[in-house]
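Hi,

Here's the structure I promised to pass on. Have a look at it first, and my notes follow underneath.

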Amino acid sequence: MRLPFTRLFRPSACLRGAIEAQRDPLYRLAFAWCHDRALADDLVQETLLRALDRAEQLRETDRLKGWLCSILANALRDHYRRQRGFENIDDLDETVLADQATPEIASESAELAARVRAEVARLPVGQRMVVTLVDLQGFTYAEVSEALSVPIGTVMSRLCRARGALKARLLDAAPDFARTEGSGRKVRIVK
Amino acid sequence: MTDDAKVSGEMQNAFIDGELGPAEWAQIARQSQADSRLRDELCELRATKELVQHAYPVARAPRRQTAPVGRWAAVAALCVASAAAGWLGRSAWAPATVELERELTAGATLREVSGDRILVHVSSSRRETIATALDEVDDVLRQAKRNGRGLSIEIVANSNGLDMFRADVAPFPERLAALRANYPGVTLVACSQTIDRLRERGVVVQLLPGVETASSALDQVVRRLRGGWAYVRA
C-alpha cells in the first residue's frame, strides 16, 4: 500500500543557519520586552522552533528579521493571554504589567542601565515593543508596523508616548510623572 | 509645514529615527536652528534613544537545541541498523527506515511510506499541518476499509503538536473522535514529557477522551519501530 503522505520537511541548511543566527538579537529583544531572562530564553526558543516549522511561509529571506520579531511578539502575547486570559490584543498592548514595574531596584544609586530597564518595563506592552524594535533592532516604522500588525500611525504614536515617558522619567527626573502619565491599566501578573 | 508650525512629537521622533523624506527633514533641521527649545527636545530624544540602546547590551542567549536532529537522528540510526541486522524482522520495512534516515539526517523534501502499521508523529501545532495529517489518515483508513484490509495508525503528539490532543485548544476534536469511533485501529498517544513541561509552566493539561500517554514520544517511536511500524512525520 502506498500512502500519499507528502510534506516539505525542513528549511534549507542556509535558512536554518540564518534563523539560528538571530538567537542573540532576539534574546536581547525578548528580555527588553519581558525583563525575565528565563522567560526570554523560552520565548526565543519557541520563536525559533516555530520559525523552523513554518519556514516555508517565509517568501523573502531579507524579511527574516521582521518575520522572526512578529513570531516573537505573538509568542509573548500568547504567554500573557495564557496567564491573564487577555482576549483582545489592544487590551494587552495598553496594559502595564504591574509586577514588572521594578525588575531591578531603581534607586538613586542604581546604575543608569538598570534605571533605564526599569523605566522601559513600566511602559505598556505595546509601547515597549515599539520602542525596543526601533532602538534595539533598528527597525523602520514600516517594519515595526508589519512585525506587530499595527498601523504606522499607531507605531508613531506609541513611540512618541514611550520616548516621552522615558525622557520625562530619566532626563527630566520628574518624580510624579507616573501619576500624571500612567494611562495604562495596571494588572498584576501572578506567576 | 510652515517654518513657525510646531513640530509634533511624532515628527520629532521620525526626524531622529531617519524616517523623514529629504524635504521634511530639511524643514525640521532649519527650524531647529532657529528654535532652541526644539533643538533641546531633539537632543533629549536622541539621548533617550541612546539610553535604551545602552541599557540592553547584546547578550549571548543560552544555547538550546532547535533541531530535533540529535535525538531523532539516533532513532533513524537505530532503524537503519535494525533493518540491516534483521531486527525489525521484515525486509519490507527497510525502505521506510531508509526514508526515515534520509528525512531526519539529510532533509528529504518529499516522501511516501508504505505499510499497514503506521505511526504518525505530530510535533507542530500548526492548524494546516494537523488538518493535512488528519485528511491523509482519514483517506488511508477509508481506502483500507474499502479493500477489507486491516490498518493500524497511531498518532503520537509531542512538543507543540500536543495541542491537537488538548481539550481546551485542540483544533479538530470532533475529527479525532470520529476517527476513533469509525476505525478501531486508531490510537492516540500523548508525550508525558511535554505534558510535564507544560504543567511546570502552570498550564492545565486536559487530554481529549481516548488519548493515551507514553513516557516520551521518542520512547514510543523507538518502541513502535522495533515492533515493525512505519514512521511518518506530519
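**The sheet in chain B**

This is a predicted model, so read everything below in that light. Chain B holds an open sheet of five strands, running in the order β4-β3-β2-β1-β5, and the pairing is parallel. The edges are taken by β4 (211–214) and β5 (230–233) of chain B; each has a single partner strand, so one side of each has no neighbour in the sheet. On average, neighbouring strands here are turned by 30° against each other, ignoring direction.

As general background, strands in a sheet pair through backbone hydrogen bonds, in either a parallel or an antiparallel way.

If you want one pair to zoom in on, try β1 (residues 117–122) and β2 (residues 152–157) of chain B, which pair in the parallel sense over six bridges. Within that pairing, B:V122 sits opposite B:A157 in β2(B). Helix α6 (residues 127–146) of chain B packs on the sheet and touches β1 and β2 of chain B. The direction of α6 makes about 170° with that of β1(B).

**Chain A**

What is chain A built from, in helices and strands? It has ten helices and two strands. Starting at the N terminus, the order of elements in chain A is α-α-α-α-α-β-α-α-α-α-α-β.

Chain A has 191 residues, and 44% of them count as buried. Taking the contacts in chain A between residues at least 6 apart in sequence, 65% join residues at least 24 apart.

Cheers

Methods: Residues numbered from 1 in each chain as written. Chains lettered and ligands numbered in written order. Predicted model: local features only at pLDDT ≥ 70, side-chain atom pairs only at ≥ 80, totals over all residues. Pairing = 2+ DSSP bridges. Helix = DSSP H or I, 4+ residues; strand = E, 2+ residues; numbered from the N terminus. Axes fitted to C-alpha atoms, helices over the stretch in contact; angles between N-to-C directions. Contact = placed C-beta atoms within 7 Å. Buried ≥ 20, exposed ≤ 12 C-beta atoms within 10 Å, placed from the backbone.
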